[in-house]
Amino acid sequence: MMQKKRNGPLVVFVALVIVAMGVSLAVWMIGKMPTRSEVPHLYTRPAMNTEGELRVLVYHDMEGLSGQDDWRTFDFSYPEFYQKGQELLVNDVNAVIDGLFAGGATEVHVVDAHGSGNPQPDILSDKLDPRARQVFRDQPFRQYVDLTEPNVYDAVAVVGMHAKTGSKGFASHTFTLGTEIIINGRSITETELIAYSWGRVDVPVVFASGDDRLLDDLKDMNWLEYVVVKEATSASTVNLRPVDEVHAEMREKARRALENLSRSKVMKIVEPVEAALRVVPPADLSVLRDVPGVNYSDNRIDFTAKNFQEAYDGVIGTIRVATRAYPQILREIVSEQPNGEQLLLQYNERLYDRWLDYESGRWQPEQQSSPSTPRKYFGAR
Ligand SMILES: [Zn+2]
């Protein structure tokens with residue numbers, strides 16, 4: 001009893017020392033713990049298909065094409081340029097498809113990720129390699145996130161892609177003009193957006209083509225077979241590479257991408273996701289500056305999302321706000337017209353009429369009617 005009593009303070013002392021050591025170890029470990037911007041995602045190996053299938057989904061955009069040096073080639077509003085863009089597009093996509101089949105692909109599907117304004121897909125269906133199939137759905141779908149399902153594809157390839165906003169690549173942007181998407185502290189490209197989306201079901205992005213700036217944006221994806229199609233000298237000017245040379249490299253690298261599929265990496269986003277949208281002209285977010293509950297600072301909105309899908313939806317919703325600033329340019333153009341002042345007065349009158357007519361019950365917004373004839377959807381619209 002006596003001894004026990006005398007050992008009491010010693011036991012307490014030893015216990016305190018152990019607790020103190022534990023606390024300092026924990027503090028040290030937290031200090032050492034990587035932050036989300038250091039480890040925005042984890043890498044895993046792709047789940048290899050054992051059924052002898054090798055199904056590839058090809059996304060195509062339209063700004064990173066070989067032989068392309070004019071932005072009007074990717075906008076449906078300029079038919080004579082756009083038609084040239086369509087030719088360039090199908091030629092790049094076909095070279096990649098050829099390489100994929102040479103690399104062992106058993107199925108290749110192609111989906112439009114551009115959105116030129118054409119009510120039809122940008123790819124010329126009758127010129128597309130007949131071994132490949134275009135993705136169509138009966139319902140509108142968001143090509144980056146709604147196709148992602150387990151066990152449908154084994155690899156993803158991306159063609160005609162562009163660098164991210166701020167990178168000074170040819171037509172560099174992320175999702176749309178003047179918007180920059182930041183995920184777990186890193187500004188990402190659309191190619192990485194696709195990699196995160198497919199990372200959810202363990203499918204890797206294995207091939208990409210675009211300009212030299214995009215290659216730089218994607219240097220962390222060092223397993224990627226990448227074809228530089230042109231060198232950007234500004235966001236609207238390039239030095240082109242000979243197209244035949246680019247196509248030969250596309251065939252070779254697309255083949256190699258599938259042959260080395262087991263050595264590629266899946267990108268799994270770390271959750272919860274710290275997401276942000278930062279914008280530059282012609283987009284603008286300053287309209288949200290004084291909105292309570294919105295984490296706004298310097299044309300940037302930050303938020304935390306529980307997973308990739310929630311982050312994506314939040315970013316796209318914020319993009320819809322940011323692009324509301326585009327028509328400011330229309331106002332500029334109108335005011336420069338000889339009858340500009342008169343047009344702005346008409347605008348003012350229409351604005352008052354809309355208010356007073358609605359307030360008086362004379363005017364109602366038109367109801368969105370669903371199309372009566374069933375139609376096919378092909379991705380980006
Ligand atoms: Zn595009």
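Two strands pair if DSSP finds at least two bridges between them. Keep that in mind for the exercises below, which all use this predicted model.

**Exercise 1. Place strand β12 in its sheet**

Task: Find which residue of β13 is the bridge partner of Arg278, and work out in which order the strands of the open sheet stand.

Solution:
- Begin with β13, residues 300-305, which is joined to β12 by 6 bridges, the two strands running antiparallel.
- Now look for single bridge partners: Arg278 is matched with Arg300 of β13, and Ala276 is matched with Asp302 of β13.
- Turn to β6, residues 179-183, which pairs with β12 in the antiparallel sense over 5 bridges. Here Ile183 stands opposite Ala275 of β12.
- Put the pieces together: the open sheet has 4 strands with antiparallel pairing, in the order β7-β6-β12-β13.
- Check the edges: β7 (186-188) and β13 each have a single partner strand, so one side of each has no neighbour in the sheet.
- Finish with the twist: neighbouring strands of this sheet are turned by 30° against each other on average, direction ignored.

**Exercise 2. Judge the surroundings of β12**

Task: Decide whether the residues of β12 are buried or exposed, and say which of them point one way and which the other.

Solution:
- Recall the cut-off: a residue is buried if 20 or more other C-beta atoms lie within 10 Å of its own.
- Apply it to residues 273-279: 7 of the 7 residues of β12 are buried, so the strand is largely enclosed by the rest of the structure.
- Remember the general pattern: side chains of a regular strand alternate between the two faces of the sheet.
- Sort the residues: Val273, Ala275, Leu277 and Val279 point one way, while Glu274, Ala276 and Arg278 point the other way, and all are buried.
- Add the helix: α6 (residues 308-322) lies across β6, β12 and β13, and runs at about 15° to β12.

**Exercise 3. Describe how α7 meets α8**

Task: Work out how the axes of α7 and α8 cross, and which residues make the contact.

Solution:
- Take the axes of α7 (residues 328-336) and α8 (residues 340-360): they come within 6 Å and cross at roughly 130°.
- Classify the angle: α7 and α8 are therefore oblique to each other.
- List the contact: α7 brings Val334, Ser335 and Glu336, and α8 brings Gly340, Leu343 and Leu344.
- Sort by class: the contact has 3 nonpolar, 2 polar and 1 charged residues.

Notes
Residues are numbered from 1 along each chain as its sequence is written. This is a predicted model: local features need pLDDT of at least 70, side-chain atom pairs count only at pLDDT 80 or more; totals for chains, interfaces and linings use all residues. A residue is buried if 20 or more other C-beta atoms lie within 10 Å of its own, exposed if 12 or fewer, and partly exposed in between; C-beta atoms are placed from the backbone. Axes are lines fitted to C-alpha atoms, for helices over the stretch in contact, and angles run from 0 to 180 degrees between N-to-C directions. Two residues are in contact if their C-beta atoms, placed from the backbone, lie within 7 Å. Angles under 35 degrees count as roughly parallel, over 145 as roughly antiparallel, 65 to 115 as roughly perpendicular and the rest as oblique. Ala, Val, Leu, Ile, Met, Phe, Trp, Tyr, Cys and Pro count as nonpolar, Asp, Glu, Lys and Arg as charged, and the others, Gly among them, as polar.
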